[in-house]
Amino acid sequence: SEKQMETRVREIKEELGLRLFMPGHYYQKDEVIQFADASGDSLQLAKVAAANKEAEYIVFCGVHFMAETADILSGDHQTVLLPDMRAGCSMADMADISQVEQAWDVLQETFGDTMTPLTYVNSTAAIKAFCGENEGATLTSSNARNMLKWAFQQKERILFLPDQHLGRNTAYELGIPLEQMAVWDPVNEYLEVDGHTDDVRMILWKGHCSVHEKFTMDNIHHVRSTYDDVRVIVHPECTFDVVQAADDAGSTNKIIQTIQEAPSGTTWAVGTEMNLVNRLAQEETDKHVFSLNPNMCPCLTMNRIDLPHLLWSLESILEGNPHHVIEVDEKTKKASQKALERMLHR
Ligand code: 13P
Ligand code: SF4
C-alpha cells in the first residue's frame, strides 16, 4: 500500500543518511516531493547538485536532462540515478546534436563567426557540450535575461536552443524586435525570416514545451471574463501572445514567489505545470489560485517518477546494484561543464 511504501522510503533514507541526496523539481508529484532533500526550479537544482560533494548516491526526482546535469556537475565518486528512464522531456527531444551541428554549419555560411550558441538546460548533455565548445553557455528560465545580455556582449547574434518561446519572450523583453528574430526549422533545415536576414540577431530553434504550449489566448479571455480582478501569471515557455497578454511571466521560482507575496484575497490564474499549481492552491489558502487551462496540463514525463519507482530505485541502492544510473561520457562531461560553469559563475 501507499503507506507501506512511504514507510519503506523513510527507512531507507534513514539507513543511507548522508550517503543519499534526493533533489526534486517543483513539478514532481506530492507523493515524491515530500521526500526530497531539496526542491527547486532547474537553476536551484543545478546549484544544489553541484554543491553536494558528500552523497554517494544522487537520486534525481525530475527528468532525464536534469539527472544528466547533476552527473556533469557531480564528483567522480558520486552516482546519479533516475527512478524511471522514461522520464524524458519532449522539448529536449526536439533538438538532436546532429541536427544542431548541421544547423550550425549552414548558419555559419550565412552569418559567419557572429553567433553565440545558448542552450536552455532543458537539452541533452551533447548539446550543452556543443555550446561549451563553441564559446556558448547554458541558461535556465531564472537567468535567461542575464545570459542573453552576456551573449550579446560576446557576439552580435545568438543561436538559441531548443525552446523558441523562452528565446523569443526573453529577447523581446530585452528590446529585440520580432523582425530581428528568425526561426530555424530543423526538420526542413530552413531559416524562417520575416525581415532582412542581415538584421537577424536572435535565431530561435523551432522547439517548444508541449505542456506550456497548451495555455492559450482563449484561456486568458475566458478567465478575464469569468473572474473580476484576476491576475494571470505564466511561465516564459508559453507562446509569445500568451506571455504578452498575461499580467506577469517568470520562471517557476518567480511564479511561486509572486503568489506567496501577493495580498490576501487576490485571484491568480497560473500558466504552468499542474502539480505546482495544485500545490500553490493548497498552500496559499488565503488566495484563489487555479490553473489558467481548466484541463490542468500535467507534464506526463515528470509524472512518471512516482512513489513505486522511487522506492524501487532506493531499494536497488541498498541491494548494491543501483538501477538506471545516468552516466555522461568524460568528453561530453568536460565540454558541457564549460557551458554550465559560464552560467553558474555569473
Ligand atoms: P524552470 O524550473 O527553470 O522554471 O523550468 C521549467 C521546466 O519546464 C522544467 O522542465
Ligand atoms: Fe520538458 Fe515541458 Fe515537461 Fe519541463 S514541463 S520537463 S520543458 S516537457
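This passage walks through a predicted model, starting with its domains and moving on to the two ligand shells, the annotated sites and a few strands.

The domain assignment splits the protein into domain 1 (2-87 + 302-328), domain 2 (92-205) and domain 3 (212-291). Between domain 1 and domain 3, the C-alpha centres are 29 Å apart. Eight residues from domain 1 and seven residues from domain 3 make up the contact. On the domain 1 side, the residues touching domain 3 come out as three nonpolar, two polar and three charged.

Ligand 1 comes next. Its surroundings consist of Asp41, Ser42, Asn122, Thr140, Ser141, Ser142, Cys209, Glu237, Ser251 and Thr252. Sorted by class, that shell holds one nonpolar, seven polar and two charged residues. Domain 2 (92-205) and domain 3 (212-291) each put at least three residues into the shell around ligand 1.

Ligand 2 has a shell made of Val63, Cys89, Ser90, Met91, Asn122, Cys209, Ser210, Val211, Glu273, Cys299, Thr301 and Met302. Here the split is seven nonpolar, four polar and one charged. Asn122 and Cys209 turn up in the ligand 1 shell and again in the ligand 2 shell.

Three cysteines deserve a closer look. An unreviewed UniProt entry carries a "binding site" annotation on Cys89, Cys209 and Cys299. They span 211 residues in sequence, yet no pair of their C-alpha atoms is more than 9.4 Å apart, so the three gather at one spot. Cys89 sits in the loop between strand S5 (79-81) and helix H5 (97-111). With 22 other C-beta atoms within 10 Å, against a threshold of 20 or more, Cys89 is buried. Setting aside neighbours within four places in sequence, Cys89 makes contact with Val63, His64, Phe65, Asn122 and Thr301. Cys299 belongs to the loop between S15 and helix H13 (307-318), and it is buried too, having 23 C-beta neighbours inside 10 Å. Beyond four places in sequence, the contacts of Cys299 are Tyr27, Val211 and Glu273.

A further "binding site" annotation, also from an unreviewed UniProt entry, covers His25, Ser42, Tyr120, Val121, Asn122, Ser141, His235, Pro236, Glu237 and Thr252. Among the residues it lists, Ser42, Asn122, Ser141, Glu237 and Thr252 also belong to the shell of ligand 1. His25 is part of strand S2 (residues 23-25) and is buried, because 26 other C-beta atoms lie within 10 Å. Away from its sequence neighbours within four places, His25 contacts Ser42, Leu45, Cys61, Gly62, Met66 and Met302. Val121, in turn, falls in the loop between strand S6 (115-120) and helix H6 (125-133). It counts as buried with 22 C-beta neighbours inside 10 Å. Leaving out residues up to four places away, Val121 touches Ser42, Ala46, Phe65, Thr69, Thr138 and Thr140. Ser42 therefore shows up in the contact lists of His25 and Val121.

Now for the strands. In strand S11 (residues 202-205) both faces are covered: Met202 and Leu204 are buried on one side, Ile203 and Trp205 on the other. S11 pairs in the parallel sense with strand S8 (residues 157-161) over three bridges, and Leu159 has Ile203 as its bridge partner in S11. S11 also runs parallel to strand S9 (residues 181-185), joined to it by four bridges; there, Trp184 stands opposite Trp205.

Strand S15 (residues 288-291) looks otherwise. Its side chains alternate, with Val289 and Ser291 buried on one face, while His288 and Phe290 point to the other and are not buried. Strand S14 (residues 267-271) pairs with S15 in parallel fashion over four bridges, and Phe290 is the bridge partner of Ala269.

Just ahead of that strand, Lys287 lies in the loop between helix H12 (274-283) and S15. It is partly exposed, with 18 other C-beta atoms within 10 Å. Apart from neighbours within four places in sequence, Lys287 is in contact with Ile259, Ala262, Ser264, Gly265, Thr266 and Trp268. Met85 is 202 residues away from Lys287 along the chain, and their C-alpha atoms are separated by 37 Å.

How values were computed:
Residues numbered from 1 in each chain as written. Chains lettered and ligands numbered in written order. Predicted model: local features only at pLDDT ≥ 70, side-chain atom pairs only at ≥ 80, totals over all residues. Near = placed C-beta within 6 Å. Nonpolar A, V, L, I, M, F, W, Y, C, P; charged D, E, K, R; others polar. UniProt positions renumbered as here; feature names shortened; annotations may be inferred. Helix = DSSP H or I, 4+ residues; strand = E, 2+ residues; numbered from the N terminus. Buried ≥ 20, exposed ≤ 12 C-beta atoms within 10 Å, placed from the backbone. Contact = placed C-beta atoms within 7 Å. Domains from an automatic or database assignment. Pairing = 2+ DSSP bridges.
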